[in-house]
Amino acid sequence: GDSGRHSVTSLVEMFNYDETYYMYYGQLVVTESLVEQTLATQLRRVTGELAPVAVLVGHGEDSYTLQNTEAVLQQNAYDVKECDLTKNDPIEEEAITLVIPAPTTDYSDAEIVQIRNWLQQNGEYSRNLVLFTNYTADCPNLYELINEEYGIEVSREVIGETKNYMQNVFAAYGDIPDGEFTSELSGQRVL
């Protein structure tokens, strides 16, 4: 029977093209096939198998991170639900993943409680959190939540290699603290 759901895809969404060649010669030259990804995405979209993804906004999120994260999610058939806690928006209850895309201003105590309650889901703990951090931001309330809920400490202790190696490759090295699982890595340069 007809479920009433459908999705339309254009031919140009199924391939990546050489845009320079098209600009100069007016012909489309396929550089990459996206047929399998596009059809799988459309199938997921019409079968409704994926839960929506909640994305927090309203705290000076990095626009590049926000736009690209939402674009990738939408390309993979996720329904993105933006939520602005500063305007008392509720976090999408149907979502099982919450994305915090590099905020530059901290969350209030009440907002942290709202995030914590959503994550804990009445003790079920069956939801996911994706956090992008902004290295210039100072968000102690948010970072405390991450530490308390996940045991992850967000710090600014990152060293960047800035020499021009092989076409501007930039490698970041993190500070590895001593611990049960990291004792052999402490003091080492780790990518």
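**Note on the predicted model: contacts, cores and salt bridges**

1. Phe 132 has a relative accessibility of 34% and therefore counts as partly exposed. Here, buried means under 20% relative accessible area, exposed means over 50%, and partly exposed lies in between, with a 1.4 Å probe and protein chains only. The residue belongs to strand E6, which covers residues 128-132. Helices (H or I, at least four residues) and strands (E, at least two) are DSSP runs, numbered from the N terminus.

2. The structure is a predicted model, in which local features need pLDDT of at least 70 and side-chain atom pairs count only at pLDDT 80 or more, while totals for chains, interfaces and linings use all residues. Residues are numbered from 1 along each chain as its sequence is written, and side-chain values use heavy atoms, with hydrogens and water left out.

3. As to the overall architecture, the protein contains 5 helices and 8 strands. Along the sequence these elements follow the pattern β-α-β-α-β-α-β-β-α-β-α-β-β. The protein has 191 residues, of which 27% count as buried. Its exposed surface is about 13,300 Å², and carbon and sulfur atoms supply 50% of that area; accessible areas come from the Shrake-Rupley method with a 1.4 Å probe, and for residues only the protein chains shown count as cover. If one takes the contacts between residues at least 6 apart in sequence, 60% of them join residues at least 24 apart, where contact means heavy atoms within 4.5 Å.

4. Which residues does Phe 132 touch, not counting those up to four places away in sequence? They are Thr 65, Thr 69, Val 99, Ile 100, Pro 101, Ala 102 and Pro 103. Thr 65 is located in helix H3 (residues 63-75) and is buried, at a relative accessible area of 16%. Although Thr 65 and Phe 132 are 67 residues apart along the chain, their C-alpha atoms are separated by 8.0 Å. Beyond its neighbours within four places in sequence, Thr 65 is in contact with Pro 101 and Ala 102 as well as Phe 132.

5. Ala 102 thus appears among the contacts of both Thr 65 and Phe 132. Ala 102 lies in the loop between E5 and H4 and counts as buried, with a relative accessibility of 3%. Its phi is near 55°, a positive value in a residue other than glycine. Asn 88 is likewise not a glycine and has a positive phi of about 65°. Asn 88 is found in the loop between E4 and E5, and with a relative accessible area of 68% it is exposed. For background, most residues other than glycine have a negative phi.

6. The largest nonpolar core comprises 20 residues, and Leu 56, Leu 85, Ile 91, Leu 98, Tyr 107, Ile 115 and Leu 142 have the most contacts inside it. A nonpolar core is a set of buried Ala, Val, Leu, Ile, Met, Phe, Trp, Tyr and Cys residues joined through side-chain atoms within 4.5 Å. At least two residues of this core come from each of strand E3 (53-57), strand E5 (97-101), helix H4 (109-120) and helix H5 (140-150). Another core, of 7 residues, lies apart from it and includes Val 53, Val 57, Leu 66 and Val 80.

7. Strand E3 pairs with strand E4 (residues 80-84) in the parallel sense over 5 bridges; two strands pair if DSSP finds at least two bridges between them. Val 80 in E4 is the bridge partner of Val 53. From E3 the chain crosses through H3 to E4 in a right-handed β-α-β crossover. Right-handed means that, with the strands pointing away from the viewer, the path from the first strand over the helix to the second runs clockwise.

8. A salt bridge is a side-chain nitrogen of Lys or Arg within 4 Å of a carboxyl oxygen of Asp or Glu, and the count comes to 4. One of them joins Glu 93 to Arg 127 at 3.1 Å, N to O. Glu 93 lies in the loop between E4 and E5 and Arg 127 in the loop between H4 and E6, so the pair ties together parts that are 34 residues apart in sequence. Glu 93 is exposed, at 55% relative accessible area, whereas Arg 127 counts as buried, at 9%.

9. In another salt bridge, the closest N and O atoms of Glu 148 and Arg 116 are 2.5 Å apart. Because Glu 148 lies in helix H5 and Arg 116 in helix H4, this pair ties together parts 32 residues apart in sequence. Arg 116, Glu 148 and Glu 149 are linked in a network of salt bridges.
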